[in-house]
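This briefing sets out the computed features of one structure for a reader at the bench. Please view the sequence and the coordinates together before reading on.

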Amino acid sequence: MTIIVDYRFPPAINAEKQAKTIAIGQTAGTWSERHGHRQEQLQQHLGEVVGIREEADGYKVARVRFPEINVENDIASLLTMIFGKYSMAGAGKVVGVYLPENYGTKAKVGITGIRQRLGVYDRPLVMAIFKPALGLSAQDHADILREVAFAGLDVIKDDEIMADLPVAPTHERLDCCRRVLEEVRQQTGRNVLYAVNVTGKADELQRKARLLVKHGANALLLNVLTYGFSVLEALASDPAIDVPIFAHPAFAGAMCAGSDTGLAYSVVLGTMMAHAGADAVLYPAAYGSLPFDPQEEGKIRDILRDRNVFPVPSAGIRPGIVPQVLGDYGRNVILNAGTGIMDHPWGPASGVRAFFEALGRVEAGESFDPANLPEGALKQAILEWG
Ligand SMILES: CSCCC(=O)C(=O)COP(=O)(O)O
């Protein structure tokens, strides 16, 4: 089995030379007469340049094939091989990684499992983020959750900035919110997922995750790129953690935003997340509040879905953009809004209702022109944010 990687180089760079440097430098490290007596041993580890194509803008994409025997079926050894030391070599960006189907860790719950747990099969899911991100007590979280959960919300997550802080310790947040989730289940028969942000040093984080699940957490949130892919892999392959893991993209820009350096967003937030065991992955939506390339967004969506991972386009999601999201994604998507729900002029419950009204109107093929909208939560949202 082999691993294929595409590297894109600007016109001023000798792509052929750099591709060879990668194929050797990132594998055996050297290939010269001096090591001739070990030729057979080394040969099986060497990468191979399998093609170079020029794009319309003069950039060249070099394809390098790597042997799978060089890596440990995980993301850390893979990244070290394909781009470790070379990432510091100057212009050159990883724009595609193609892995064997069974490489890495599979989502334990994924799209199908999340839908089963919620009992929702025929529509996009609606997700909220606790806001303000910091400053709320554990009881404040529960009070907000009561409002949005009874309004019909499917999933809520902590803000990624909310660590295990004295103002609202993680276990207290879970304790207070779990009671609300139970109330909602008893009164409506509906399940709502609460993705609790799990933080701490690697060993402590895993212990904490197990404890949270034991105490009733029905989903987890992980800042995968700041804590590391191996932390996600450890949680995803832990049988005691039988809840969906929502992967947050915080820090992705530090790896992906450079036009000629780093890795493409679709590699990090698509391929790597999907082979590290995430069940749902958040990433910026092109029509949201962060600048994002629609082509990269489309690639992420398709890569994730191919491995049963829920795409969660996020950041600046408002009820008014529901028609666009549904046009691009269809039903298998999670609509995730922080301020787009929490800052609704009539309060968070109306924020949730506005999303459901928007879904209903798209389903019925109805207009979003404020002049045609009935009085209600959606109209207020459109008047506020467009
Ligand atoms: C960059 S994708 C993650 C989005 C997120 O976690 C968030 O807090 C977005 O908040 P918003 O108010 O823009 O919905």
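The points below cover a sheet, a helix that lies across it, and the surroundings of a ligand.

The model is predicted. Its open sheet has 4 strands in the order E2-E3-E1-E4, with antiparallel pairing. The edge strands are E2 (48-54) and E4, each of which pairs on one side only. From one strand to the next, the twist averages 20°.

**Strand E1 and its partners**

- Strand E1 spans residues 2-9 and is mostly covered, with 6 of its 8 residues buried.
- Strand E3 (residues 60-67) runs antiparallel to E1, and 8 bridges join the two.
- Within this pairing, aspartate 6 stands opposite arginine 63 in E3.
- Strand E4 (residues 93-98) also runs antiparallel to E1 and is joined to it by 5 bridges.
- Tyrosine 7 has valine 94 in E4 as its bridge partner.
- As general background, strands of a sheet pair through backbone hydrogen bonds, in either a parallel or an antiparallel sense.

**Strands E2 and E3**

- The antiparallel pairing of E2 with E3 extends over 6 bridges.
- Glycine 51 has arginine 63 in E3 as its bridge partner.
- Arginine 63 thus appears in two pairings: it is the partner of glycine 51, and aspartate 6 stands opposite it.
- In a regular strand, side chains alternate between the two faces of the sheet, as a general rule.

**Helix H3 across the sheet**

- Helix H3 comprises residues 75-83 and lies across E1, E3 and E4.
- The helix runs at about 45° to E1.

**Surroundings of the ligand**

- There are 15 residues around the ligand, and those that come nearest are Lys131, His248, Gly316, Gly338 and Thr339.
- The side chain of lysine 131 places an N or O atom 2.8 Å from an oxygen atom of the ligand.
- Glycine 316 contributes through its backbone, where an N or O atom lies 2.8 Å from an oxygen atom of the ligand.
- In the side chain of threonine 339, an N or O atom is 2.6 Å from an oxygen atom of the ligand.
- On its own the ligand has 410 Å² of accessible area, of which the protein covers 88%.

Conventions:
Residues are numbered from 1 along each chain as its sequence is written. This is a predicted model: local features need pLDDT of at least 70, side-chain atom pairs count only at pLDDT 80 or more; totals for chains, interfaces and linings use all residues. Side-chain values use heavy atoms; hydrogens and water are left out. Buried means under 20% relative accessible area, exposed over 50%, partly exposed in between (1.4 Å probe, protein chains only). Two strands pair if DSSP finds at least two bridges between them. Axes are lines fitted to C-alpha atoms, for helices over the stretch in contact, and angles run from 0 to 180 degrees between N-to-C directions. Contact means heavy atoms within 4.5 Å. A residue is near a molecule or strand if one of its heavy atoms lies within 4 Å of it. A polar contact is a pair of N or O atoms within 3.5 Å; within protein, one must be able to donate a hydrogen and the other to accept it, and residues adjacent in sequence count only if both atoms are side-chain atoms. Accessible areas come from the Shrake-Rupley method with a 1.4 Å probe; for residues, only the protein chains shown count as cover.
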